[in-house]
Every structure is written in C-alpha cells, then in structure tokens.
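Colleague: I am new to this structure and would like a close look at a single part of it. Could you walk me through the place where the two chains meet, and the charged pairs around it?

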Amino acid sequence: MTERSEGIKRHGPVVTPSDEGGLMTDRFAKNYAELRDDQPLGTRNEIVTGPVEDWATDFSHLEPEWAADPYPIQDDLRQRCPIAHTDRFGGGWLPTRYEDVAAIAYDTERFSSRSVIMSNFRPPRELAPVGGTPPISSDPPFHQHARRLLLPAFTKTAVGRLEPATRAFCHSLIDGFAGQDVVDAARDYAQHIPMRVIGDMLGFPPEDGPRFREFVENTLEGVNLPPEERIARMEQLFDYLLEQIRDHVANPREDLTTYLIEAEFGGEKLQPSHVAGTMALLLIAGIDTTWSAIGASLWHLAKTPADRERLVADPGLLPTAMEEFLRAYAPVTMARLVKEDMHWAGVDMKAEDWVLLSFPAANRDPAQFDRADEVVIDRQVNRHAAFGLGIHRCVGSHLARMELRVALEIWLERIPAFSLDDPSAVTWAAGQVRGPRTLPLRVG
Amino acid sequence: MRAQIDSGRCQGHGRCYDLAPDLFGDDDEGYGTVLGDGVVPEGKEPDARLAASNCPERAIDLLEEG
Ligand code: HEM
Ligand code: HEM
Ligand code: SF4
C-alpha cells in the first residue's frame, strides 16, 4: 500500500482571501520561491512505477503500454470492470463508461477539481475552491468568476480575428519544408501552431516558443519525477511568467497578460498568484492539447489513404471529419478528487481518492456511439466529450477548433499526398494529454 | 417547430451555431442563443435536428408545434 505523508510544500502560490500583500503596486515583486514559502502543505504518497499486473486493479496512465495504445485497455475495462481501481498515486478510480464520466463531470458537489492532474501529490485542501490554476482548478462558487473573466476573449468571433495570422503562419511552416522528403509533422508543424497563437495572445516574444514547449512538457510529462525536480521545473515556469508580467506592468499592451493584470472582480484586482496561475494554465492547456489534436489527425490521415483522398477531394467535409478525429483521438483526460467517503455507482470511494476522468474512454463507449471503435469521417451525430462536459467546458474550444481546421486545411491543400515514413518511429506522449510527439511523414 | 436552449444546461460548446448559423447565435461569452423567436423556418428542420443532436450538453429542445 502506498503511504501518504505531509512533506513537501506546495509548489504554487496559493490564493487566500486574507493575502493582502498582493494588492500593492509592486504586487508582482515576489518570485516563485517566495510565493511558495507562504503555502500550506500538500500530501505526497510513495511513487509506484513499473508494469501493470491487472488494469482493473492496478491501472497507471503513465506506463508505456497506455501511452502506445490506451483504447484496447479502456474497451476491455468497460466490459469487465467499468470503474477500475489502482493503489498507485495514493489511490484512484478509472470509469470508462460515458454515463459515469458525464455524471462525475456534472457532480461538482462530490468531486473536486482542486487538482486535475492525477499524480503523487495532492494539493492542500485549503486550496479549494480557487486552486493553483483558476478556473480549471476551481470549484463553485468561485469557479464561475474566474471562468467569466476568460470567456469574452475566447468566443468564436474573438478567435476568428486570429485566423488570418494563423493561416499565414501555417503556410510559412510548410514553406520551410521545401526540399525535404520526410517531415516530422508533430515536431516541425503541429507543435508550433498553438505555441505561436497562445504566445501572441499573451503577448510573449515569439522567439520564446521553445521555452514554453519545455515548460509544458515538464508539467504534463514529469508526473512521476521526484518532488525537488518538479518544484525546480515549476519555478522556471513561474519565474518566466512573473518576468513577462512585470514587463507588462511597465509597458501595458493590448493582450491577455495586460487584461489579466488589470482585471477586477468584486472591486479588487486579481491576486498575483491568480494572474500567474491563469497564464500558466493558458500556456499549458493551450499548447499540448491542440498540438496533440493536429498530430493525431495527420497520423490518422497518413495511415488511411481513403480518408485522406476523400478530404482532399471534398474539403467541405473537414469540419465534420475534425469532430470525428476529436472524438476518436480525444487528447485530454482530466482528474478529480473525491470530497468525502461515499458509495458511488457500486464502489466505495474514499475522501481524497483520485478519479481519472477519461473523456477519450467516454468517447468510445458503444452505448453512446454507433461504431464507436471506428473512425467515420462523415459521422453526422457526434455528441463527443473531447472538450469536457459541464461547467469546465474547455474555454479554448473555439480557438482549438479554429487552429485544428486551419492547420489541416492548409496541410491538405499544400501536401495532399503523404504517408507514414516508418510506423514504428511514431511516439506518443504519456500521461493525461495524449498525441504524437514524433511523427515522421513521407511528403516527397 | 420551435427551438429552445436551456440556459441552465448550455455551456457554450457552440456546436449549434457552428452547424446551424441561420438558427443559432452566441452571446458575448459564447453561450448559445436562439435567433429571432426560435421558430424554425420551413425546410430548416433538418438543420435544427442536426444542431440538437450534436449538442454535448443536450441543452437544445425542439418543440413540434401544431
Ligand atoms: C495546468 C497547470 C498545472 C499542471 C498541469 C500542474 C501539474 C503538476 C504536476 C503533475 C505536479 C507533480 C506533482 C507530483 O508529482 O508530486 C505538479 C507539482 C507542482 N506544481 Fe503544478 N501544475 C500546474 C500548475 C501549477 C501552478 C499554477 C503552480 C503554482 C502556482 C504549480 C505548482 C506546483 C508545485 C509547487 C509542485 C510541486 C509540488 C510537490 O511536488 O510537492 N503548479 N504540478
Ligand atoms: C484540442 C484541443 C483542446 C482540448 C481537447 C481541450 C480539452 C479540455 C478539456 C477536456 C477541459 C475540461 C477540464 C475539466 O473538465 O476539468 C478543458 C478545459 C480548459 N481548457 Fe482546453 N482543450 C483544448 C485546447 C485549449 C486551448 C487552445 C485553450 C486556451 C488557450 C484551452 C483552455 C482551457 C481552459 C482555460 C480550461 C478550463 C475551463 C474551466 O475550468 O472552466 N484549451 N480543455
Ligand atoms: S451546442 Fe449546446 S452547449 Fe453548445 S452553445 Fe449550443 S446549446 Fe449551448
């Protein structure tokens, strides 16, 4: 059994209502380590890695077998043990039926978003209802305030204004492939698009792209690393964000960073930790996810010539096909923490147990979708949950859809014929955001 | 036929205004709205059904009238 201990201080600045220091003019003066010193403790458990014996009783989404192909595992569990359990990560559950995933997403009374990354660290309970990265880490009633701040910047109309620059950027990436027979579509195409778009929205220097990528990988893929290392990595991210924030305080601009610095609710400006936490969320939530969706769609088309040829011949089908790629290869899995001991859908959940909330598994439930395990690019009825369900519906969904549509449209127009150069060279990210990280395509 | 959005369920996924922009629009925060009085013009029923059947939150009701 794993054991929980009160150990390491939480990495992130915690927002507490009594934290007055943040409201002064130099509210962004503290660096990450100083912000962290004010934090309550979280809870850590022993880190357990290694091959899974039985996915129903010992699952781990961080093992290579899951990263390589999680769908057969999820399909098997849905039939034989629809709410699987593990003792790893200090204890957690994995529902694989659409119905259960939806019920949990809607039940914010009994399942908290205080942490949405299933790891070996549970942030302190005092962190609720705000959490380290509002609004994704927030519970009601605070959640809606943090969310409403972001919504106007991410409507379909608002993100539509970014389309011309996104198109030009995609073309410039493809111009850069001239003369190559093989292109890594994950590393040299998919990755750069969301990085540039969100970097521009936040007003970060375009040449910093490679640095954001490192932050994102560190956060989402370093889950089983020792705490000291994770803290050091978080520190790099937050110190970078604080540097950008201070620069925006000195030189306000028309961008999301200035908007968050100036934003108020209840007549007060946001806590520094809220500003930095939301920026971290936008970087992390905006990049890996969309990169994964673009990459997985190109991977599918590279290995399925009939679908590729059909889309090249009929680009009008792309918006429909794109929803099917989002359903079948949904990149994002979230997590919740159980609030109190309870009997739920036939299992005994304990307070502080994780629930790994697999939107990808929900999207392949045959009780919800016809031909659930097939990719049907003209599927008309597609009530998929790739962007979540309920109050945490992805704020960036309109942006992500614009990026995905533009990225695929321009690729298919410029490079209509392509195939996997070496299927065994394709690698997939492990953890809660899944998509190709190496994707060599033959384009010549 | 009349279309109605349950604002208690709508979370602003925008499938309705993507798929049937003649029938649905969005507000300043991206939540779905019914254009005009919600009466679906003759011939547009399939679009209304397509939108309703793709709403992830099941927030769209189509009321058959008459
Ligand atoms: C979407 C945003 C974020 C994600 C996905 C994320 C994810 C993670 C993960 C997976 C860990 C590893 C925990 C472990 O293995 O023990 C971690 C640790 C940590 N995070 Fe975050 N984090 C996010 C945002 C933040 C923010 C905004 C802060 C601070 C303001 C923060 C501070 C920390 C600290 C200090 C640790 C180390 C704690 C420890 O290991 O004891 N994180 N985070
Ligand atoms: C294909 C790409 C994307 C997918 C599949 C995706 C998926 C998701 C999912 C499933 C959630 C729900 C979280 C939960 O229930 O706990 C979520 C929330 C969120 N996403 Fe995305 N996302 C994508 C792209 C983006 C982009 C581009 C941004 C912004 C730049 C973004 C920003 C957010 C934010 C801010 C939330 C938190 C919303 C809240 O808690 O109210 N996402 N995303
Ligand atoms: S599709 Fe449904 S959830 Fe989305 S905006 Fe329309 S009514 Fe709202």
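Modeller: Happy to; here is a walk through the contact between the chains, then the salt bridges, then the iron site.

A word on the ground rules comes before the tour. This is a predicted model, in which local features need pLDDT of at least 70, side-chain atom pairs count only at pLDDT 80 or more, and totals for chains, interfaces and linings use all residues. Residues are numbered from 1 along each chain as its sequence is written, chains are lettered from A and ligands numbered from 1 in the order in which they are written, and side-chain values use heavy atoms, with hydrogens and water left out.

Let us start with the contact itself. Chain B brings 22 residues to it and chain A brings 24 residues, where contact means heavy atoms within 4.5 Å. Between chain B and chain A, about 1900 Å² is buried, and carbon and sulfur atoms give 39% of that. Buried area here is the accessible area (1.4 Å probe) that two parts lose on being put together, summed over both. Of the area that chain B buries against chain A, 30% comes from Gln11(B), His13(B) and Glu29(B), more than from any other three residues.

Now for the polar side of things. There are 13 residue pairs in polar contact between chain B and chain A, both residues at pLDDT 80 or more. A polar contact is a pair of N or O atoms within 3.5 Å; within protein, one must be able to donate a hydrogen and the other to accept it, and residues adjacent in sequence count only if both atoms are side-chain atoms. On the side of chain B that touches chain A, helix 1 and helix 2 (45-54) of chain B each supply at least two residues. Helix 2 of chain B gives the largest share of that side, four residues. Helices are DSSP runs (H or I, at least four residues), numbered from the N terminus.

Next come the charged pairs. Three salt bridges are counted between chain B and chain A, a salt bridge being a side-chain nitrogen of Lys or Arg within 4 Å of a carboxyl oxygen of Asp or Glu. One salt bridge joins Glu323(A) to Arg15(B), with the closest N and O atoms 3.7 Å apart. Arg15(B) also forms a salt bridge with Asp18(B), where the closest N and O atoms are 3.1 Å apart. These two residues of chain B sit three residues apart in helix 1 (residues 15-19), about one helical turn. Arg15(B) is buried, at 8% relative accessible area, while Asp18(B) is partly exposed at 27%; buried means under 20%, exposed over 50% and partly exposed in between (1.4 Å probe, protein chains only). Through shared partners, salt bridges join Lys156(A), Glu323(A), Arg401(A), Arg15(B) and Asp18(B) into one network.

For context, the structure holds 32 salt bridges over all chains. Among them is the one between Arg414(A) and Asp175(A), at 2.6 Å from N to O. Arg414(A) lies in helix 18 (residues 397-414) of chain A and Asp175(A) in helix 8 (residues 163-175), so this pair ties together parts that are 239 residues apart in sequence.

One last stop is the iron atom of ligand 2, whose single donor from the protein is Cys394(A) (SG), 2.3 Å away. Donors are N, O and S atoms within 2.8 Å of the metal (3.2 Å for Na, K and Ca), and water is not among the atoms, so sites may look incomplete. Cys394(A) is in the loop between helix 17 (359-362) and helix 18 of chain A.
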